[in-house]
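Colleague: Please take a close look at one part of this model, the place where the protein meets the DNA, and then set it in the context of how the chains are arranged.

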2 protein chains.
Amino acid sequence: MTPDTGRPAEPGRVRAPNIRDVARVAGVSYQTVSRVLNDSPSIRPETLQRVRDAIAELGYRPNQAARALVTSRSRTIGVLAAQTVHYGPATSIHAIETAAREAGYRLSITNISSSESASIKAGLDYLMSQSVEALIVIAPQVRVFEAINELQLTVPYVTLEATGLGTSHSLWVDQVMGARQATKHLIDLGHTEIMHISGPQDWIEAEARMQGFLRELSDADLRTRAPILGDWTASFGYYAGLELLRYRDFSAVFVGNDQMALGFMHACRESGLSVPGDISIVGFDDIPEAAHFSPPLTTVRQNFVEIGRRAIELLLGELRGETEMSHDPVQPELIIRESTTRKS
Amino acid sequence: MTPDTGRPAEPGRVRAPNIRDVARVAGVSYQTVSRVLNDSPSIRPETLQRVRDAIAELGYRPNQAARALVTSRSRTIGVLAAQTVHYGPATSIHAIETAAREAGYRLSITNISSSESASIKAGLDYLMSQSVEALIVIAPQVRVFEAINELQLTVPYVTLEATGLGTSHSLWVDQVMGARQATKHLIDLGHTEIMHISGPQDWIEAEARMQGFLRELSDADLRTRAPILGDWTASFGYYAGLELLRYRDFSAVFVGNDQMALGFMHACRESGLSVPGDISIVGFDDIPEAAHFSPPLTTVRQNFVEIGRRAIELLLGELRGETEMSHDPVQPELIIRESTTRKS
DNA sequence: CGAACGCGTGTGACCGTACACATTTCTGCC
DNA sequence: GGCAGAAATGTGTACGGTCACACGCGTTCG
């Protein structure tokens, strides 16, 4: 009943109030305050209210570092990412951040600068030094798996946007299926000479899309040709297009992502070819801009939000000790627009 | 000289090695280990080596939480962001992350879900509860400033991509200048009836670009007309275009960003109009894809990387107690491509 | 009617590190 | 060789929480 202000009245520094300050103001022990903070069941409503009032009065915030120290739980999830500026990863990360925050976790995001083993290991090492409780890898390079195995991670982790690959830690969009859908679409339209511009060789997704492409072609008994290995950028698509279109020995292209497809269409225009009149094009990802390309791009949509959401769900489940994980791949969806047409 | 393994040999949990374990293995006191970690100058090279060996042997990692607790420095910089999936913010954040990590800081990124005051405050509140040492705001909504002022932030902060606005905490690209350059370019090409499609009203950047546009027009004694307020998306640009092009009472458009410009060009095509033949278009941002639009887009380039880099530089300086800050705005650059031409 | 129990609350110890200060060891010099 | 002073290293304490356990009290039950 004596609401004395627990001000320490020190000279210089204004120390942030701690749990004992709150206790003093509320007239209880610090342990009771702690119980309120961790909403323990057995507290008298009246006491609860007094503590809450004291917290509000002092503007008290629990010190996360102290908490982390004593519980040895950082409440941090690490994200190892490559290409965070790209639409796909960025979208997934956004979903992850939201879901994580709602669950009381914060994110520690690290970008790897190159796909070299050293860079990947440095990134993982950095995250482990943050003592993250779990790890999400959105850097679908092949070498990531080596690095993960080598470092003997002790925390649950999940890799995104990769293929199955036999590891039990992957949460994946069925890229092979997506690529097959895209390729089948072109075949169904009567195309028999189909090119593929792929992503970088060390990207698992690129590999998967290429596999899907090749398998679909071979199932249809069509001639396969060596895919071009690109770097995901529109510029690459453009220059590759200029080169390829000098010999026009194909009537359709399945491009590994929408950006490269955009560049390729640019090259078609410059080469005086019409899309889809002369060349049909399918992309991958369905970035929001794809619907407004010239012409609007037929592409394979991935649900990046769903992926991110499920990643957190999976990890939180594992952190709670649940073992069953839903491993069904997320299904991509072919979006047919105007960049593909029946072969004339 | 007695390299006894400092294994606690406990039954269940394998406790991570701490500074005392290292000390025991190295045969020194824990304080000496601490000195090594904080590279104190006065340590005998031999001792240094012994400690380092012990660290390596045990795979010891300093506990960040304990450090943060005792130093009351979280070594965390908060980022309040909107639209992290967009190219600009994403690029800046990437640069920030890299620079911060190099300086030994980690990032805590929070996305605000809406531009409402409550959402902004919740985001700031969340970041403050992480006890961030500094704050970067990449959510250039007008209300952000209100929220910041209201919450009486005690940490140094900087807002990105906004305009000067009189606050001393802004690091800004001169959006007004960029918009003027874009508009002047159109005027120089002989256009007199120029439209503007702007971003959302509560975005400071949108406002600034609009101001630049209007000022340049009025300086040239040209008729101004009310800008259309968009939402930055390609789809909006498309639908706005379809609407506007029904009355073709303009020959040029300055669009608030590249995505909307893309949508607008789509609308032009559908309306049977040629770009730049019938309509000249200038965008803003210079996203990597802009060079491959149909036609390649004349736009205003912003150096997002530079912005991010300087944000960290500024904050670190302030954290070190330096007061002078380089407040020169980053200058945007007009990139002339093929979406603009002389009025016929 | 006393022991057992549950509820609500308080006490002591500890998490892993950095800082202030104390102490030992080494170095140079008269 | 002894001493000052610097260099190198060690000891106590605090940071702000949580956990295990102890405690007082009222209720229930044998």
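Modeller: The surface near DNA strand C is made up of 13 nonpolar, 11 polar and three charged residues. Bear in mind that this is a predicted model. In total, 27 residues surround DNA strand C, and the closest are S29(A), S42(A), N18(B), I19(B) and N63(B). Both chains also supply helices here: α2 (30-37) and α4 (64-71) of chain A, and α2 (30-37) and α4 of chain B, each give at least two residues to the surface near the strand. The largest share, five residues, comes from α4(B).

The helix α4 (64-71) of chain B has a second place in the picture, as one of the elements that give two or more residues to the side of chain B that touches chain A. That contact takes 38 residues from chain B and 38 residues from chain A. On the side of chain B, the other elements with two or more residues include β2 (106-111), α6 (117-129) and α10 (234-244). The largest share on this side is that of α5(B), with seven residues. Sorted by class, the residues of chain B that touch chain A are 14 nonpolar, 18 polar and six charged.

The two chains are related by a rotation of 180° with 0.1 Å of shift along its axis, which superposes chain B on chain A with an RMSD of 0.2 Å. This is the relation of a two-fold axis. The C-alpha of chain B nearest the axis belongs to A65(B), 2.3 Å from it. Of the interface residues of chain B, 100% are also interface residues in chain A, so the copies meet through the same surface.

How values were computed:
Residues are numbered from 1 along each chain as its sequence is written. Chains are lettered from A and ligands numbered from 1 in the order in which they are written. This is a predicted model: local features need pLDDT of at least 70, side-chain atom pairs count only at pLDDT 80 or more; totals for chains, interfaces and linings use all residues. Two residues are in contact if their C-beta atoms, placed from the backbone, lie within 7 Å. Helices (H or I, at least four residues) and strands (E, at least two) are DSSP runs, numbered from the N terminus. Ala, Val, Leu, Ile, Met, Phe, Trp, Tyr, Cys and Pro count as nonpolar, Asp, Glu, Lys and Arg as charged, and the others, Gly among them, as polar. Copies are superposed by least squares on the C-alpha atoms of residues with pLDDT of at least 70 in both. A residue is near a molecule or strand if its C-beta atom, placed from the backbone, lies within 6 Å of it.
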